[in-house]
Amino acid sequence: MPRIAPALALFGLIGTSLPVFAQGMPALPVNLMTVQEKPWTSTLEAIGFLEAWQGVDVSAAEGGLVKDILFDSGRTVKAGDVLVRLDTSVEVAQLREAEAQLPTELKNLSRAKEMVSKGALPQYNLDEQVSKVDQIKERIASLQATIDRRIITAPFGGALGLRQINKGQYLQPGTAIVNLQDLSTMRIRFIVPQRDVPRVTTGLPVTIKVDAYPEREFSGRITAVEPRVDAGSGVFLAQADIPNADGLLRSGMYASLSVILPGTQQVLVVPSTAISFSLYGDFLYVAVPAKEGSGQVAQRREITLGDRRGDDVVVLSGIKAGEQVITIGGFKLSNGAAVQPSEVPTPAKPATPPRQ
């Protein structure tokens, strides 16, 4: 005993008010929680990347020299707003020439019809004049279409990215001018296991969380479900739309998603701090009366887990309502160890490193 006393004093166990269990070992302080049934709405967890409802690299359908740039990087535009004008001086001159020829040829056509009706002109002369008028009209339409294609407009409303061209630059057809994103509604596509085919349907509410706003949830609904299951992986795709009126969400953001399934049920819920997760089975400790003497001891229970939401975990089997679960302090226990209810501080969560 003389050798044991210094060791006990070293760990601060002599002179404490903790009750002493077998052979002088003190009861360990733990936090307890009485398990009760509570209503629970099941969720289905998934991950995905956000994309804009509409997004495109605006480009030119016709090649040409950049004459005017009518937008700034980052600007918000409406559908139809002019972004870029390419040089159309040659086409405009040709259009004016054709338009100037048309009235004369129309008069000639009218005169030819009159003469043919009187038998003063053969029919083939009238046919030639009709063809000439049609050719001029087609040329006018073609030139006007070319000019219109060299006026590049926003195909839909949204936010512009960074400008990728300069005034005076020659654009080849298809060259990207600027990226345009309609961020009013965001879309997320996610993978669902085939066992959940009956549960995942259009219209179900979803919530998402992103790293940029860790304390905020964004809500939306499932808008489409892939009608086939991939034979190789056994999963299928679903898509949800998330309103984004304040513009906080951006394309390419990583998001965690919860599908809120219909219906509620009464379940047993414990905090995740009470559970020891293991490859050989999950377990926790409950506090039960000691068989000998007063006080309580820890009893290890193998458990089956269900859904998890935040720090709450559903326990499907292994405990009953009314039992006292050890929520803090269980990591240092063994089966049969003496415990004493206390207010053990909740351990601080480790800092999460920023996502690369």
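The exercises below, each with a worked solution, deal with salt bridges, burial and strand pairing in a predicted model.

Local features are given only at pLDDT of at least 70 and side-chain atom pairs only at pLDDT 80 or more, while totals for chains, interfaces and linings use all residues. Residues are numbered from 1 along each chain as its sequence is written, and side-chain values use heavy atoms, with hydrogens and water left out.

**Exercise 1.** Find the salt-bridge partner of Glu 51 and place both residues in the chain.

Solution.
- Step 1: A salt bridge requires a side-chain nitrogen of Lys or Arg within 4 Å of a carboxyl oxygen of Asp or Glu. The structure holds ten of them.
- Step 2: Glu 51 pairs with Arg 189, with 3.7 Å between the closest N and O atoms.
- Step 3: Glu 51 belongs to strand 2 (residues 37-59) and Arg 189 to strand 9 (residues 176-193), so the pair links distant parts of the chain, 138 residues apart.- Step 4: Glu 51 has 32% relative accessibility and Arg 189 has 47%. Each counts as partly exposed, the class between buried (under 20% relative accessible area) and exposed (over 50%), with a 1.4 Å probe and protein chains only.

**Exercise 2.** Determine whether Arg 150 and Glu 91 are buried or exposed, and describe their salt bridge.

Solution.
- Step 1: The N to O distance between the side chains of Arg 150 and Glu 91 is 3.1 Å.
- Step 2: Arg 150 sits in the loop between helix 3 (123-149) and strand 6 (151-153), and Glu 91 in helix 2 (residues 89-118), so the bridge ties together parts 59 residues apart in sequence. Helices (H or I, at least four residues) and strands (E, at least two) are DSSP runs, numbered from the N terminus.
- Step 3: Arg 150 is buried because its relative accessibility is 13%; Glu 91 is buried at 13%.

**Exercise 3.** Classify the two residues of the salt bridge between Asp 196 and Arg 199 by accessibility.

Solution.
- Step 1: Their side chains meet at 2.9 Å, N to O.
- Step 2: Asp 196, at 3% relative accessibility, is buried, whereas Arg 199, at 38%, is partly exposed.

**Exercise 4.** Give the strand order of the barrel and describe the pairing of strands 14 and 15.

Solution.
- Step 1: Five strands close into the barrel in the order 1-18-14-15-19, with mixed pairing. Two strands pair if DSSP finds at least two bridges between them.
- Step 2: Strand 14 (residues 283-289) and strand 15 (residues 296-302) run antiparallel and are joined by seven bridges. Val 286 stands opposite Gln 299 in strand 15.

**Exercise 5.** Locate Thr 327 and list its contacts beyond four places in sequence.

Solution.
- Step 1: Thr 327 lies in strand 18 (residues 324-328) and is buried at 9% relative accessibility.
- Step 2: With neighbours within four places left aside, Thr 327 contacts (heavy atoms within 4.5 Å) Asn 31, Leu 32, Met 33, Pro 271, Thr 273 and Ala 274.
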